[in-house]
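Please look over the sequence and the three-dimensional structure shown here before reading on. The report is meant to be read with both in view.

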Amino acid sequence: MSKTTTDTELPPAPDEDAAAERLSTAPVESEGPTGIGVLGWARWMWRQLTSMRVALILLFLLSLAAIPGSLIPQNGQNQFKVQTWKAQHTTVAPIYEKLQLFDVYSSVWFSAIYILLFVSLAGCIIPRTWQFVGVLRSQPPAAPRNLTRMPVYAAWRTDADAEQVNAAAHRLLRKRGFRANLAGGAVAAEKGYLREVGNLLFHLSLFALLGGFAWASLASGTGGKLMVEGQGYSNTITQLDDFTGTRFYGSQDLDPFYLKLNDFTSKFQNTGDQMGAARQFTANVQYYEGSDESKLKKGTIEVNHPLEIGGSKVFLIGHGYAPVITVKNGKGDVVYHDVVPFLPQDANLTSTGVVKVSDYGAGPDGNRTQLGFSGFFLPTAPLSFAGTGPISLFPGDAAPELVLNAFSGDLGTDSGLPQNIYQLNTAKLTQMQQDGQPAKALLKPGQAWNLPDGYGSVTFEGYKQWASFNVSHRPGNEIALTGAVLAILGLIGSLFIQRRRIWVRAVALPGGGTQVELAGLARSESAKIAEELAELAVDLQDDAPASEDQGADEAPEDPAAPEDPAPEASAADAPGAEDPAAEDPTAPADQNAKE
């Protein structure tokens with residue numbers, strides 16, 4: 001009754017090539033410059049920039065360019081780490097500075113790649129969308145003259161009227177969701193436009209994704225703040241520890257709010273192979289927006305669970321311990337009392353810090369002097385430092401101890417030059433001596449150390465925990481997230497939806513009866529078009545039943561076929577895949593075009 005055939009020897013007719021090319025809306029690209037002079041070269045360069053090949057190269061370069069931003073500390077994220085890295089790598093730091101490797105995402109070379117990728121995507125999306133709109137507004141291409149050359153083909157004879165068969169085929173195809181057009185004694189139908197919609201959605205989503213990142217880099221800002229339990233701050237430039245703005249977001253644009261750290265909870269695993277691994281970091285805070293204290297609210301901030309206040313998000317990024325230290329002079333007067341944050345140096349929170357007593361007053365010799373202390377805070381100190389030095393054995397505060405070294409002289413705080421509060425400049429300081437050795441002490445909470453030469457005493461009162469926060473304002477995150485989700489949906493549509501066409505032609509035979517021909521063409525090799533054609537042929541039997549005198553295995557006579565037709569085969573064997581025209585008859589004229 002029916003037969004599906006392919007032709008691997010005869011080339012497709014010109015009208016079939018035109019029909020196949022219309023399955024793609026990709027811009028056609030030439031092999032070299034067209035036109036004369038500068039205009040021709042400019043046109044060629046534009047087509048190269050908007051090609052798939054160059055877009056992939058730019059995407060690859062963008063991913064490579066982002067690697068230094070992940071490996072090298074960035075000024076926009078943590079300036080303290082940048083300064084520490086520069087101090088440890090004095091040889092290459094100037095070179096990295098000139099190459100803008102500490103500001104990768106705002107560098108000239110990263111921005112150039114970014115902009116070129118934007119232009120490349122825009123140059124693809126605009127003409128491709130325009131061509132796709134033209135395809136939607138036009139009717140499906142008319143049936144080719146010789147349907148036997150299509151990859152999937154079926155035919156039989158019937159006694160039904162040709163016009164009635166074409167009308168029935170038109171009705172069935174529309175019922176199946178095809179855009180169908182009945183003209184010229186044949187039905188042309190097309191389906192699978194969502195494939196191109198998905199393709200365009202993917203490109204538009206990439207554009208939105210890059211646009212979101214670009215907007216975030218131009219209108220975002222980040223600030224850092226370290227707070228000890230019980231401390232609070234107002235989100236102003238004078239109270240932030242550091243701030244990095246952008247072109248459209250400066251210190252005057254900071255979201256007004258107040259934030260206070262009530263307490264901090266940290267828990268670590270104390271048994272097993274993962275002993276010391278963090279299990280909980282929770283900052284319990286109070287905050288209010290604007291300046292109305294009556295709107296005070298409570299909240300919690302955990303790792304990867306920021307607190308959103310206004311247009312900013314507050315992230316928890318660090319944690320440590322802050323000893324409470326009291327310093328008295330030789331007369332017993334308190335000259336210093338404060339909570340001093342110490343910075344962790346390893347996974348067990350072995351922390352270093354300094355104490356600067358700039359208002360000590362007169363020393364034992366009657367001259368004005370200043371005191372400085374540097375040392376370690378050990379949350380869980382060992383019984384002995386022999387062979388290891390001052391280290392902590394566990395990040396939890398199981399056995400806290402404070403190790404201090406004492407200095408006297410000039411701290412340099414009166415010079416007017418900025419200093420790092422976590423470092424002690426010993427250029428004009430002299431380390432105190434005790435029993436002929438550098439003065440040092442190992443203190444437990446509540447213990448005091450009497451300084452040598454009548455300088456007074458230092459008391460380790462206790463300790464608190466501190467937490468560091470990153471206050472981030474990034475308005476483009478929602479755009480980037482939406483673009484990423486839509487890009488995935490568009491990619492799914494472009495990969496799994498098949499663009500395909502079906503033609504049905506019913507022609508009255510001179511000797512009586514009607515010959516019915518069905519042919520199908522898909523963008524890629526797929527069994528789906530053969531299945532759809534078979535189902536259509538079965539449904540069409542109700543209106544155009546096969547003649548009883550036609551054998552099931554008898555090939556129908558095709559008045560338009562050549563006298564010596566090519567060998568026929570079933571769709572399952574798919575020998576047409578070996579023919580370039582049959583393998584991908586819908587491929588665009590230029591394989592470099594974005595598909």
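The sections below go from the chain as a whole to its cores, its helix pairs and some single residues.

## The chain as a whole

The structure described here is a predicted model, and its chain contains 11 helices and 24 strands. Of the 595 residues in the chain, 44% count as buried. When contacts between residues at least 6 apart in sequence are considered, 67% of them join residues that lie at least 24 apart.

## Two nonpolar cores

In soluble globular proteins, nonpolar side chains tend to be buried together. In this model the largest nonpolar core has 28 residues, and the members that touch the most other members are Val 327, Val 357, Leu 371, Phe 373, Trp 449 and Leu 451. Several strands give two or more residues to this core, among them strand E11 (312–328), strand E14 (351–362), strand E15 (368–378) and strand E22 (457–473). Strand E12 (334–339), strand E16 (401–409) and strand E20 (440–443) are also elements that contribute two or more residues. Separate from this core is a second one of 26 residues, which includes Trp 156, Val 165, Leu 172 and Ala 506.

Phe 373 is a useful residue to follow in the first of these cores, and its contacts can be listed once residues up to four places away in sequence are left out. Among the residues that Phe 373 then touches are Val 327, Val 357, Trp 449 and Leu 451, which are also named with Phe 373 as core members touching the most others. The contacts of Phe 373 further include Gly 353, Val 354, Val 355, Leu 404, Asn 405, Ala 406, Leu 424 and Val 458.

Ala 448, found in strand E21, touches Leu 443, Val 458 and Thr 459 when residues up to four places away in sequence are not counted. Ala 448 and Val 327 are 121 residues apart in sequence, while their C-alpha atoms are 9.4 Å apart in space.

## Two pairs of helices

Two packed helices are described by the angle between their axes and the distance between the axes. For helix H7 (residues 162–175) and helix H10 (residues 528–540), the axes come within 10 Å and cross at roughly 130°, and the two helices are therefore oblique to each other. The crossing in which H7 passes H10 is right-handed. On the H7 side the contact is made by Val 165, Ala 168, Ala 169, Leu 172 and Leu 173, and on the H10 side by Leu 536, Asp 539 and Leu 540. Sorted by class, the residues of this contact are seven nonpolar, no polar and one charged. Val 165 and Leu 172, which take part in this contact, are also included in the second core.

The other pair consists of helix H6 (residues 108–137) and helix H8 (residues 193–218), whose axes come within 10 Å and cross at roughly 150°. Because angles over 145 degrees count as roughly antiparallel, H6 and H8 are described as roughly antiparallel to each other. H6 passes H8 in a left-handed crossing, and the contact between them has 19 nonpolar, four polar and two charged residues.

## Residues that meet across the sequence

Leu 56 lies in helix H3 (residues 52–71), where it is partly exposed, with a relative accessible area of 46%. Although Leu 56 and Leu 117 are 61 residues apart along the chain, their C-alpha atoms are separated by 9.2 Å.

Leu 49 belongs to helix H2 (residues 37–49) and counts as buried, at 18% relative accessibility. Leu 49 and Val 119 are 70 residues apart in sequence and 7.9 Å apart in space, C-alpha to C-alpha.

## Two loop residues with positive phi

Leu 349 has a phi near 60°, which is a positive value in a residue other than glycine. This leucine, Leu 349, sits in the loop between strand E13 (343–344) and E14, and since buried means under 20% relative accessible area, Leu 349 counts as buried at 10%.

Asp 453 likewise has a phi near 60°, a positive value in a residue other than glycine, and its place is in the loop between strand E21 (448–450) and E22. Asp 453 is exposed, with a relative accessible area of 57%.

Key:
Residues are numbered from 1 along each chain as its sequence is written. This is a predicted model: local features need pLDDT of at least 70, side-chain atom pairs count only at pLDDT 80 or more; totals for chains, interfaces and linings use all residues. Side-chain values use heavy atoms; hydrogens and water are left out. Axes are lines fitted to C-alpha atoms, for helices over the stretch in contact, and angles run from 0 to 180 degrees between N-to-C directions. Helices (H or I, at least four residues) and strands (E, at least two) are DSSP runs, numbered from the N terminus. Angles under 35 degrees count as roughly parallel, over 145 as roughly antiparallel, 65 to 115 as roughly perpendicular and the rest as oblique. A crossing is left-handed if the near helix is turned anticlockwise from the far one by less than a right angle, and right-handed if clockwise. Contact means heavy atoms within 4.5 Å. Ala, Val, Leu, Ile, Met, Phe, Trp, Tyr, Cys and Pro count as nonpolar, Asp, Glu, Lys and Arg as charged, and the others, Gly among them, as polar. A nonpolar core is a set of buried Ala, Val, Leu, Ile, Met, Phe, Trp, Tyr and Cys residues joined through side-chain atoms within 4.5 Å. Buried means under 20% relative accessible area, exposed over 50%, partly exposed in between (1.4 Å probe, protein chains only).
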